Amino acid sequence: MARRALTTAAAALTTAAALLLTACGGGDDSSSDDIKGAGNGSSSSPSASASSAAPGAKRPDIKLPSSFQLTFENWTSSDPVEQAVLNDGKEQLRAGYEAIIENDPDSKNRAFYDTKNGFLQSRQWIRTYTDKNLTVIGKLPVFDPKVTLAKDKATASLSYCTDESKASTKNRETGEVKGNPADTDPEVLYVISMGKNAQGVWQAVSAHSERGGCAR
């Protein structure tokens, strides 16, 4: 994996607080995320991906409304350990947006997929939305995943890109919708450091991001 000068995800998203996703609540419990590519173009339920990540761990039931479509492209690996990292990395990201949408910076679902220190960073990121009474709507493709495993296969680095061009924030009170400014690169590279806990769950230890760092 190429090394890049990265800013922290929390800092990057703080400066980009008017960008990104949105989903109105309204009690819509239907999941809207898909996994595309690698011969799998059908929807994948949260429970299915959770069970394949670590059979012995009871995963939270993460739900996103249809107003926010989080899609995962080519989110597969022939290596079972890499696939477990991808599965939990996917659910960790979904849990973060669920927390934003539910206006819950202390989300237990997100905390499940973070270490203690990792969740401190996650909560800071979530609060860049909730403190401003913002939620997320639209479409957010997540693509180009790469997993690098340590020799002991107990720690890993997961990188992926997102495309914010069709995602927006929405003010919960006023209904005002904002997307990225026209001169802003909509693609963001994320690098997540992950570790496997005693229950076999891959949790985020820290996250870094670089806007414009994705190469297609």
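Select C161 and C214 to begin with: both residues are buried, a word used here for under 20% relative accessible area, with exposed meaning over 50% and partly exposed in between, for a 1.4 Å probe and protein chains only. The model is predicted, and local features need pLDDT of at least 70, side-chain atom pairs count only at pLDDT 80 or more, while totals for chains, interfaces and linings use all residues. Residues are numbered from 1 along each chain as its sequence is written, and side-chain values use heavy atoms, with hydrogens and water left out.

Now show the sulfur atoms of C161 and C214, which lie 2.2 Å apart and form a disulfide, defined as a pair of cysteine sulfur atoms within 2.5 Å. A search of the whole structure finds one disulfide. Because C161 lies in strand 5 (residues 155–163) and C214 in the segment after strand 9 (202–211), the pair ties together parts that are 53 residues apart in sequence; strands (E, at least two residues) and helices (H or I, at least four) are DSSP runs numbered from the N terminus.

Move next to F68 and Y97, whose ring centres are 5.2 Å apart with planes at 50°, so this pair is tilted. Rings of Phe, Tyr and Trp (its six-membered ring) pair if their centres lie within 6.5 Å, and planes under 30 degrees apart count as stacked, over 60 as edge-to-face and the rest as tilted. F68 is in strand 3 (residues 68–73) and Y97 in helix 3 (residues 80–101), 29 residues apart.

Finally, add W125 and Y129 to the selection, since ring pairs link F68, Y97, W125 and Y129 into a cluster.
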